[in-house]
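Q: Could you take a close look at one part of this model for me? I would like to see how a single helix sits among its neighbours, told as one connected story.

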Amino acid sequence: MEPEIKFAHVNLIAFDWKKLAEFYIRVFGCEPVYPERNLTGDCIGKLTQIENVEIKGIHLQLPGYQNGPTLEIFSYNIFNLNEGKSINKPGFGHIAFLVDDVDKILEKLLLNGGKKYGEKIKTKIEGVGVLTVIYTTDPEENIIEIQHWSKMM
């Protein structure tokens, strides 16, 4: 019998986890999943391979789900700002939210410190539907895709 596998969370490293969590709560309706995290000690140091590491943050319940998956927003006391991959390097490729009204969410995002990254487009994907989509950023310039799918006309 195969072991059960379930998607758990996406981790976002933030310079200011509280400010960034509040952005995702206000704009996308994410809900905090308590307790807040305050991870320190030898065990976390061994896990991350970072001496004297302190990690603080919170999980946010993603809209449309209960009991996971979550967006995990953490801040480290030590950031890696160099090139290459590491556990404490800020950012990710992008996160996408499926919405009913791209323009309304875009307006909310802009009012809460986000920015447009590209232009809004509408395109037909044969066999799937019509996609209205725009790339934007949160206040720390992580890329967010806001998308809406409608049936082909």
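A: Happy to. One definition helps at the outset: a polar contact is a pair of N or O atoms within 3.5 Å, and within protein one of them must be able to donate a hydrogen and the other to accept it. Please keep in mind that this is a predicted model.

Let's begin where helix α3 begins. At its start, a side-chain oxygen of Asp 101 comes to within 3.1 Å of the backbone nitrogen of Asp 103. The helix itself covers residues 102-111, and its buried residues are Val 102, Ile 105, Leu 106 and Leu 109. Viewed down the axis of α3, these buried residues fall within an arc of 105 degrees, so they line one face of the helix. An α-helix has 3.6 residues a turn, so residues three or four places apart point the same way. The face of α3 turned away from the buried side carries the exposed residues Lys 104 and Leu 111.

What do the buried residues of α3 pack against? Their partners are α1 (17-28), β6 (115-116), β8 (129-137) and β9 (143-150). Just after α3, Gly 113 takes a positive phi of about 95 degrees.

Now to the partner helix. α1 has 12 residues and reaches 16 Å from its first C-alpha to its last, close to the 16 Å expected at 1.5 Å a residue. Its buried residues are Trp 17, Leu 20, Ala 21, Phe 23, Tyr 24, Val 27 and Phe 28. Seen down the axis of α1, they fall within an arc of 150 degrees, so they line one face of this helix too. Lys 18 and Lys 19 are exposed on the other side of α1. After α1 comes Gly 29, with a positive phi near 75 degrees.

One residue ties several of these pieces together: Asp 138, in the loop between β8 and β9. Its contacts, not counting residues up to four places away in sequence, include Leu 20, Phe 23 and Tyr 24, which are among the buried residues of α1. Asp 138 also touches Gly 113, the glycine with positive phi just after α3, as well as Gly 114, Leu 12 and Ile 144.

Is Asp 138 buried or exposed, and how far away is the nearest side chain of opposite charge? Asp 138 is buried yet has no salt bridge, and that nearest side chain, Lys 115, is 9.5 Å away. For a salt bridge, a side-chain nitrogen of Lys or Arg would have to lie within 4 Å of a carboxyl oxygen of Asp or Glu. What Asp 138 does have is a polar contact of 2.8 Å between its side chain and that of Tyr 24.

The loop between β8 and β9 also holds Glu 141. Glu 141 has a positive phi of about 70 degrees although it is not a glycine. With a relative accessible area of 57%, Glu 141 is exposed, whereas Asp 138 is buried.

To pull the picture together: the buried residues of α3 pack against α1, β6, β8 and β9, while Asp 138, from the loop between β8 and β9, joins its side chain to that of Tyr 24 through a polar contact.

Key: Residues are numbered from 1 along each chain as its sequence is written. This is a predicted model: local features need pLDDT of at least 70, side-chain atom pairs count only at pLDDT 80 or more; totals for chains, interfaces and linings use all residues. Side-chain values use heavy atoms; hydrogens and water are left out. Buried means under 20% relative accessible area, exposed over 50%, partly exposed in between (1.4 Å probe, protein chains only). Helices (H or I, at least four residues) and strands (E, at least two) are DSSP runs, numbered from the N terminus. The arc is that of the directions from the helix axis to the C-beta atoms. Contact means heavy atoms within 4.5 Å. Lys and Arg count as positive and Asp and Glu as negative; His and the chain ends are not counted. The expected span of a helix is 1.5 Å times one less than its number of residues.
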